[in-house]
Amino acid sequence: MLDSAMNLGYSLLDKGLIPDLVLRLAIRALCKQRLREIDHGSFEANHTTKMKWIEAVRARDTIADSSHKANEQHYEVSTKFIISCLGPYAKYSACWYPTGNETLEEAEILMLENYCEKAQLKDGMAILDLGCGWGSLSVYLAEKYPSSKITGLSNSATQKTYIDSVAKAKGLSNVHIITGDVNVFDFDSATRFHRILSIEMFEHMKNYELLMRKVASWLRPTVPGDTNQSLLFVQMFCHKTTPYHFEEEDGWMAQTFFTSGTMPSHDLPAYFQSDLTLVRSWYINGRHYSRTLEDWLSRQDRNAKEGIAELEKDAESKGLGKEEGRKAFYRFRVFYMACSELFNMHDGQEWGVGHYLFKPNSAVLNYQ
């Protein structure tokens with residue numbers, strides 16, 4: 001009986017027939033349910049559960065699970081459709097609204113500048129954009145630092161095609177995009193970076209011990225007396241205290257948009273410092289991400305006619321019926337809505353965005 005009701009609900013959702021008010025109320029109820037599920041009744045019980053979770057991910061054989069699913073669910077959906085929802089830099093991650101009055105265009109740039117400051121970037125550096133998405137950071141850095149060489153690593157061939165076209169249109173010759181799966185990809189021994197920045201890629205990962213070891217090997221070795229230490233900067237969304245996996249049986253979000261995904265806790269990187277040392281961390285209130293998602297939703301709705309047509313065309317190009325394109329349109333609406341409600345919960349104090357700065361363990365860094 002319950003399964004039948006859920007299937008009916010999903011069918012109505014895929015047709016856009018559930019009013020937004022009803023959807024938002026249901027989403028808020030599910031967020032509260034998640035909080036009940038991850039609360040084991042005491043600090044002692046919660047900490048014990050967290051440590052078991054950390055030990056389990058550290059014991060995994062691979063860095064990430066089901067990396068192809070991220071492409072299917074996000075990164076190789078029609079580029080034209082995705083771009084129609086985003087700001088001018090195509091930033092598919094949290095933006096920053098310090099006064100609350102910023103436009104999406106302004107919030108994109110403010111967050112990109114925030115990265116530059118926290119990662120202590122300078123012109124002339126070799127910089128890796130790890131998990132580069134649709135190239136917002138790669139392109140921004142290439143424009144801001146013309147003497148730097150910007151390398152972007154993405155698991156999606158369509159993202160590379162898009163970024164290459166943008167770089168060509170802007171006349172940028174200092175951007176190089178590589179398609180590769182972080183599970184197996186490696187740079188040759190001659191390729192090392194002064195800075196590595198990774199924006200919302202870690203949430204697709206599982207074994208952070210293996211990931212940090214690989215990333216550390218890509219940083220430029222530190223020379224004694226060198227004041228320009230190599231650094232890693234990471235942005236990831238997170239829960240304030242508790243990491244958890246998105247499991248298939250969790251329901252719609254895990255099945256449709258975040259298969260094998262991870263919700264880190266804000267302190268999670270502190271438990272994986274065998275190869276890199278955490279220098280500093282920051283917390284950005286979840287309302288910034290909620291506002292970002294609401295702006296994406298508004299743009300999707302504003303471009304609804306064109307968006308549906310593009311997704312129908314994309315579905316047909318993959319040998320599917322037009323109805324699959326329409327489903328994708330309505331599913332993205334719910335995805336943006338669901339994430340917005342999650343990050344807005346408890347005034348952005350429950351789920352939010354973490355920023356982290358790491359140095360190689362052998363380095364000495366005085367952070368100002």
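Asn207 is buried in this predicted model, with a relative accessible area of 1%, and the residue is found in the loop that runs between β4 and α9. Apart from its neighbours within four places in sequence, Asn207 is in contact with Val57, Arg58, Ala59, Arg60, Thr62 and Ile63, a set of residues that lies much earlier in the numbering.

The two elements that flank this loop lead into the sheet. Seven strands form an open sheet in the order β3-β2-β1-β4-β5-β9-β8, and their pairing is mixed. Because β3 (175-179) and β8 (276-284) stand at the edges with a single partner strand each, one side of each of these two strands is left without a neighbour in the sheet. From one strand to the next, the twist averages 20°. Within this arrangement, strand β4 (residues 195-199) pairs with strand β5 (residues 231-239) in the parallel sense, over five bridges, and Arg195 stands opposite Leu231 in β5.

Helices pack on this sheet as well. Helix α8 (residues 157-170) touches β2 (149-154) and β3, and its direction makes about 170° with that of β3. Helix α9 (residues 208-218), which follows the loop holding Asn207, also packs on the sheet, where it touches β1 (126-130), β2, β4, β5, β8 and β9 (351-360); the direction of α9 makes about 155° with that of β1.

Further along the chain comes helix α11 (residues 286-302), whose 17 residues reach 24 Å from the first C-alpha to the last, close to the 24 Å expected at 1.5 Å a residue. At the start of α11, a side-chain oxygen of Asn285 reaches to within 2.8 Å of the backbone nitrogen of Arg287. The buried residues of this helix include Gly286 at its beginning, the aromatic residues Tyr289 and Trp296, and also Asp295, Arg299 and Gln300.

The cysteines remain to be considered. With a disulfide taken as a pair of cysteine sulfur atoms within 2.5 Å, the count comes to zero. For Cys31, the closest cysteine sulfur is that of Cys339, at 9.2 Å, which is too far for a bond; for Cys85, the closest cysteine sulfur again belongs to Cys339, at 13 Å, and this too is too far for a bond. Both residues are nevertheless buried, Cys31 with a relative accessible area of 7% and Cys85 with one of 0%.

Terms used:
Residues are numbered from 1 along each chain as its sequence is written. This is a predicted model: local features need pLDDT of at least 70, side-chain atom pairs count only at pLDDT 80 or more; totals for chains, interfaces and linings use all residues. Side-chain values use heavy atoms; hydrogens and water are left out. Helices (H or I, at least four residues) and strands (E, at least two) are DSSP runs, numbered from the N terminus. The expected span of a helix is 1.5 Å times one less than its number of residues. Buried means under 20% relative accessible area, exposed over 50%, partly exposed in between (1.4 Å probe, protein chains only). A polar contact is a pair of N or O atoms within 3.5 Å; within protein, one must be able to donate a hydrogen and the other to accept it, and residues adjacent in sequence count only if both atoms are side-chain atoms. Two strands pair if DSSP finds at least two bridges between them. Axes are lines fitted to C-alpha atoms, for helices over the stretch in contact, and angles run from 0 to 180 degrees between N-to-C directions. Contact means heavy atoms within 4.5 Å.
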